[in-house]
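Let's take a walk through this protein together, beginning with a single residue and widening the view from there. Have the model open beside you as you read.

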Amino acid sequence: MAAHAVAGRSAPPVPELDAADVERWRAGGGPLIELLGLARARLGGLAAVRIGPEPTVLVTGPEAVQHVLARHPDGYVKRSHRARLLIGDGLLAATGDAWKRQRRLLQSQFTGTGMRRYERRIAAAARTTAERWAGYARSGEVFDVGEEMRRFALDTIWRALTGHPLDDGTAHELTAVAAVVAALPSLPADGVEARGQVAADLARIDAVARRAVAAARDRQEGPEGPGLLQVLVDASASYPEYTDRLLRDELVTLLVAGHETTATTLTWLYLLLDRHPAAREEALAAGPEGSPERREAVQALVGETLRLYPSAWILPRHAAAADTLAGYRVPAGTDLLVCPYLTHRDPELWPDPERFDPRRFTTPGGRPSRQGAYLPFGMGPRACLGTQFALRESTAVLELLLPRHVPVFDSVPPGAAYGLTVRPDGPAPARLAPSPHGRPA
């Protein structure tokens, strides 16, 4: 970073959004994304916004995104995590050498051979969901699509972690995870007070984690064999830092990262297909069931949903040293917000960016080739470890559900809530109509 620091002293400051615009935003009480979107529209891919006493730099241009996240990750660091109250010192919140050790241990579990060991567990969770949906179709029962997607994703990650399918009791207790995630944006800044407001939910999560860690220590394998938690418990023999507390934090981190984002993506996808039914028809017409062509088309549905509603919609960073970024001076100590949500909606990168069009991902040249233009799971060394897991489970369940059922929504959420994830702001109750494309599940 030394060379960047020297250059940074002679570079101009990052253009700053007019204070009057910030005051109008404050007076209107809108979400932060409205202010950030205005800054991007007025000033481009690098803009300063005075949210607090010092300017915060918004990063949306692809080259600047790549510079911060991929080329100079040691210069732009994570200082904390918005969910630290929930995930403690788990991988998402860890920094420095601790993060490197934790990342190294988990990395092999989510690539290549590691991923293949989860294939049967993902398929079993998808079949369980398909059977439940077949029951809804027979009974005509109204159910919440968001809750169903959360149950599927939680079942999948629980099987991966423990080797056990998710039972009703554990599922009920782990609704506390979603409750804490939803509460995070509105909790007080004071950590003690914030913890007090969600103490009951945290206690439920801790109890589930204690039982799971104890079972792994006793080598109580599930019917699907040992899970990822067993790998972490075994590591504690070589790495004393893997105390029961860190094992709890890592387990909860994987539960949060492994189900909340996937459930949100799948819920958005069904809401988008409700408005754009032709996209579903095109995907199913791409090839017969089980064919590579249909799988590619289903993956395109997921890819376009992630463009509009990326799992990592905002990525806070902190400049550890002075730098020059996209020709502008970034002083040491500056807070930055990398915002994939806005990068993905930049009309200079994505023509007609608000339109849901999965063909962007199946048509040659349909998506920008520039690094940093598409990063739904982040990029660089801190990109999401579970990207392939999330994409595989999403595709697996959609391949079973899309040909057989069409949710008919009684009502749809009025908009989006921007918290730990960008999620539908409300329930999505629906009944199932039969699909002309498939046989009953």
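Our starting point is Thr 253, which sits in helix H15, the run covering residues 244–275. Keep in mind as you look that this is a predicted model. Is Thr 253 buried or exposed? Its relative accessibility is 3%, so Thr 253 counts as buried. If you set aside residues up to four places away in sequence, the contacts of Thr 253 are Ile 87, Gly 90, Leu 91, Leu 92 and Gly 258.

For a contrast, turn to Arg 104 in helix H6, which takes in residues 96–107. Here the relative accessibility is 58%, and because exposed means over 50%, Arg 104 counts as exposed. Arg 104 also gives a feel for distances across the model: its C-alpha atom is separated by 44 Å from that of Val 142, although the two residues are 38 apart along the chain.

Now step back to the protein chain as a whole. Its secondary structure comes to 19 helices and 12 strands. How does the overall size fit a compact globule? For 441 residues, such a globule would have a radius of gyration near 22 Å, and the protein chain has 22 Å, so the two agree. Along the principal axes, the C-alpha trace spans about 65 × 55 × 40 Å.

Burial and contacts fill in this picture. Of the 441 residues, 55% count as buried, Thr 253 being one of the buried residues. Among contacts with a separation of 6 or more, 72% are accounted for by residues 24 or more positions apart.

The outside of the chain deserves a look too. About 19000 Å² is exposed, and carbon and sulfur atoms supply 54% of that area. As for charge, the protein chain carries 52 positive and 51 negative side chains, with the centres of the two sets lying 3 Å apart.

Finally, the cysteines. How many disulfides does the structure hold? The number is 0. To see why, recall that a disulfide is a covalent bond between the sulfur atoms of two cysteines. The pair would have to lie within 2.5 Å to count. For Cys 339, the closest cysteine sulfur is in Cys 384, 17 Å away, which is too far for a bond. Looking from Cys 384, the closest cysteine sulfur is that of Cys 339, so this side offers no bond either. Their surroundings can be told apart as well: Cys 339 is buried at 0% relative accessibility, whereas Cys 384, at 32%, counts as partly exposed.

Conventions: Residues numbered from 1 in each chain as written. Predicted model: local features only at pLDDT ≥ 70, side-chain atom pairs only at ≥ 80, totals over all residues. Heavy atoms only, no water. Buried < 20%, exposed > 50% of the residue type's maximum accessible area, 1.4 Å probe, protein only. Helix = DSSP H or I, 4+ residues; strand = E, 2+ residues; numbered from the N terminus. Contact = heavy atoms within 4.5 Å. Rg over C-alpha atoms; globule rule 2.2 N^0.38 Å. Areas by Shrake-Rupley, 256 points an atom, 1.4 Å probe, with all protein chains shown as cover. Lys, Arg positive; Asp, Glu negative; His and termini not counted. Charge placed at Lys NZ, Arg CZ, Asp CG, Glu CD.
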